[in-house]
Amino acid sequence: MAINFYGSCKGSSSSKYDLWLNVTQNSQNIDSNLSNVTVKLYLKRNDGYSDSAYNLYEEQNTAKITVGGNVVVSKNLKIDTRNSAKVLLANWTGDVAHGNDGSLSLSVSGEFTMSNSTLSSGSASGVFNCTVISRKSSLSFSSTTINPGSSVIATVTPAVASFSHRILWSLGSYSSYLGLNSGVLSAEISVPDQWLYGLNNASKGTVNVSVETYNGSTKIGVNTYKLTLVVPATDKYKPEFSIGLTRVDNGVPSDWGEYVQGISKVTINPDGLNFKFGASLAAVTITVGSVSIRQLPATFNLSEAGELTVTVAVRDTRGLLTVKTTTIKVNSYTPPSVEITELFRCDSEGNESAYGENLFVKYKLNYSSVNSKNRAQLSVQYKTPNDSQYSTPKTITANPSVFGSGNISVNSSSFVRFTITDGITKTGIQVIRTVSAGHIPFNIRRGGKGAAFGKFSEKDNELSVGWNLNVDGNVEIKGEMNWENVACTCNTNTQDLLGYVKYYPCIKSCIVRLRVKTSQLLNAGTTHIIAHIPDKPPAMFMPLSCLANYESGGVSVSGVVYKTGDVIFRSSVDVPAGTYIYISGIYVADYDEHFVEN
């Protein structure tokens, strides 16, 4: 769009000249509310006469352009209108600002002076109306964050009061909008809980908001904004569940309804686990006492006793955490045991007698009550060394008690086996004691080939003693003491076993002389089984009286394990495969139960 504004000149021939301003609107910047215009000041003789005014001395002539009250051009110049020339005296191009309503009436003017000529000066002016710029409205918010189910207030600031608007907001594939008539300048923007299905894996998201500005039915433009959606850590949005406990009795009578230390287990799996509005499981930690498991379901061995806290922590994919706790009572438990405090021969009335064919026993039972639901039971069996098996078990209920029914021979010692069981340990814990043959000062075996002090003689070619033997002088043995070979085998990590294990019943001692070769690396600081006594494992743990040596010169303590018969080895340094280990030592049982009867 362009327009000319004509003016007038002064001087003796001023009527023969035209002077005008040419104003052109080049472009508009809607966002900046600006128009770009060009203003040019022209001079020309209007009658075609060629001998027109001119002055080629630049310093003697001036030209000026004023736009919007501001002088934008002021200069000196040569002026030559001869031969009907159209002289451009001055020109300017620049941006001009519109008013808040987008309109602009731009005042423009131009003038010149000329010396030593029939044309002395001239001026022209006008008002140029730029095309109105339609303005986009803006939004402001009561908060830049929003929670699901709540709202923020959006306030419209319009460029023109008559404008109408439409506000749109969206999250992922979810969206909503609200139309505002002219003069309505605020609205509530809310995010329904349902929209959270578009935000499954984060606790924050972006809500895109835009305001469309309309002048009547004409859409002027759009401004866009962002709000931060924050999912609050409240019960409405956090995972929901209850703690589900399943008792694993594992041998504990189910009708007890009790957790028992070291026996029972507990399986934990949250009941009714519910994740809200599209979230899912991200992590779970279940803790019982001091042990934690990070999986579902989780089964715990109950090695601790007492009131144990059970904690279940579930975190969803939005990072929201729900923690719940409960407690379980775990009853302390140790396997039952029996202490035999008195055991001797007696008559049928329980009176001690060296020739009694019954036995008197007094004992103490040790067992765990498990909330008064557990009971212990003691049974007894007996046999002579020549018997192949023990007698039928008999339950003992009285304490003290007399048993044997007159079947405990005074002519022979007897092994007495006590077995204690309870409601959990049903295989029984056994204690073996020995009762000597009937007590007499001295006995010669029939046939004269055997004798005994303090008991009856039981074997030919043997002098046996039923009393404690106190020798002040030296004991000299010219023959070899009776002994038994005890089988010993390699374990999986050794080979090429040489040597022996000998048991001497008369002194209840065991001598070990072994050499094994490692078939794999034995790590330092770890207890390894290097051999095994399968037939007659010791009934108690007894460390060897000497050290275990191996080829590199290292030293380690070795031993034989209670009832399993495992020969163990532990070194302070790594022992490579192919190393010979030498075991040499002796142990002595400190009570009668020296070997387990198999």
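## Close-up views of a predicted all-strand chain

**View 1. Alanine 90, a buried residue in strand 9.** With a relative accessible area of 1%, alanine 90 is buried, because the cut-off for that word is under 20%. This is a predicted model, and in this model alanine 90 is part of strand 9. Who keeps alanine 90 company? Setting aside residues within four places in sequence, alanine 90 is in contact with Val39, Lys40, Leu41, Ala63, Ile65, Val73 and Lys75. To get a feel for distance, find asparagine 76, which is 14 residues from alanine 90 along the chain, with 9.8 Å between the two C-alpha atoms.

**View 2. The sheet that contains strand 9.** Let us step back to the strands around this residue. Four strands make an open sheet in the order 1-3-4-9, and their pairing is antiparallel. Strand 1 (2–6) and strand 9 are at the edges with a single partner strand each, so each has one side without a neighbour in the sheet. From one strand to the next, the twist averages 20°. Inside the sheet, strand 3 and strand 4 run antiparallel and are joined by 12 bridges. You can pick out one pairing by eye: serine 27 has asparagine 36, in strand 4, as its bridge partner. As a reminder, strands of a sheet pair through backbone hydrogen bonds, either parallel or antiparallel.

**View 3. The largest nonpolar core and phenylalanine 112.** Which residues touch the most other members of the largest nonpolar core? They are Leu43, Leu89 and Phe112, in a core of 31 residues. Two or more residues each come from strand 3 (17–29), strand 4 (34–45), strand 6 (62–67), strand 9 (87–97), strand 10 (104–113) and strand 11 (121–130). Strand 9 gives the most to this core, namely five residues. Zoom in on phenylalanine 112 and, leaving out residues up to four places away in sequence, you will find that it touches Cys9, Leu19, Leu43, Thr62, Ala63, Ile79, Leu89, Leu119, Ser120, Ser121 and Gly122. Another core, of 23 residues, lies apart from this one, and its members include Trp169, Val191, Trp195 and Val207.

**View 4. Lysine 236, a partly exposed loop residue.** Now look between strand 19 (218–230) and strand 20 (240–242): lysine 236 is in the loop there. Its relative accessibility is 44%, so lysine 236 counts as partly exposed, a label for values between 20% and 50%. Beyond residues up to four places away in sequence, lysine 236 touches Asp193, Lys276 and Phe277. Valine 127 is 109 residues from lysine 236 in sequence, and their C-alpha atoms are 66 Å apart in space.

**View 5. A sheet of three strands.** Here an open sheet has the strand order 21-23-27, with antiparallel pairing. Which strands stand at the edges? They are strand 21 (245–248) and strand 27 (298–301), each with a single partner strand, so one side of each has no neighbour in the sheet. On average, and ignoring direction, neighbouring strands of this sheet are turned by 25° against each other. Strand 21 pairs with strand 23 (residues 265–268) in the antiparallel sense over four bridges. Look for valine 248, which stands opposite lysine 265 in strand 23.

**View 6. Serine 414 in strand 35.** Our last single residue, serine 414, is in strand 35 (residues 414–422). Is serine 414 buried or exposed? Serine 414 is buried, as its relative accessible area is 2%. Its contacts, apart from neighbours within four places in sequence, are Lys383, Thr384, Ile408, Arg433, Thr434 and Val435.

**View 7. The whole chain and the confidence of the model.** To finish, zoom out. The chain has zero helices and 50 strands. Its radius of gyration is 56 Å, well over the 25 Å that the globule rule gives for 598 residues, so the chain is more spread out than a compact globule. Its C-alpha trace spans about 180 × 60 × 35 Å along the principal axes. Of the 598 residues, 41% count as buried. Among contacts between residues at least 6 apart in sequence, 60% join residues at least 24 apart. The mean pLDDT of the chain is 88, with 91% of the residues reaching 70 or more. Residues 539–547 have pLDDT below 50, and this stretch has 44 contacts in the model beyond near neighbours in sequence. For residues 590–598 the pLDDT also stays under 50, and the model has 31 contacts for them beyond four places in sequence.

Key:
Residues are numbered from 1 along each chain as its sequence is written. This is a predicted model: local features need pLDDT of at least 70, side-chain atom pairs count only at pLDDT 80 or more; totals for chains, interfaces and linings use all residues. Side-chain values use heavy atoms; hydrogens and water are left out. A nonpolar core is a set of buried Ala, Val, Leu, Ile, Met, Phe, Trp, Tyr and Cys residues joined through side-chain atoms within 4.5 Å. Buried means under 20% relative accessible area, exposed over 50%, partly exposed in between (1.4 Å probe, protein chains only). Contact means heavy atoms within 4.5 Å. Two strands pair if DSSP finds at least two bridges between them. Axes are lines fitted to C-alpha atoms, for helices over the stretch in contact, and angles run from 0 to 180 degrees between N-to-C directions. pLDDT is the predictor's confidence in each residue, from 0 to 100. The radius of gyration is taken over C-alpha atoms; the globule rule is 2.2 Å times the number of residues to the power 0.38.
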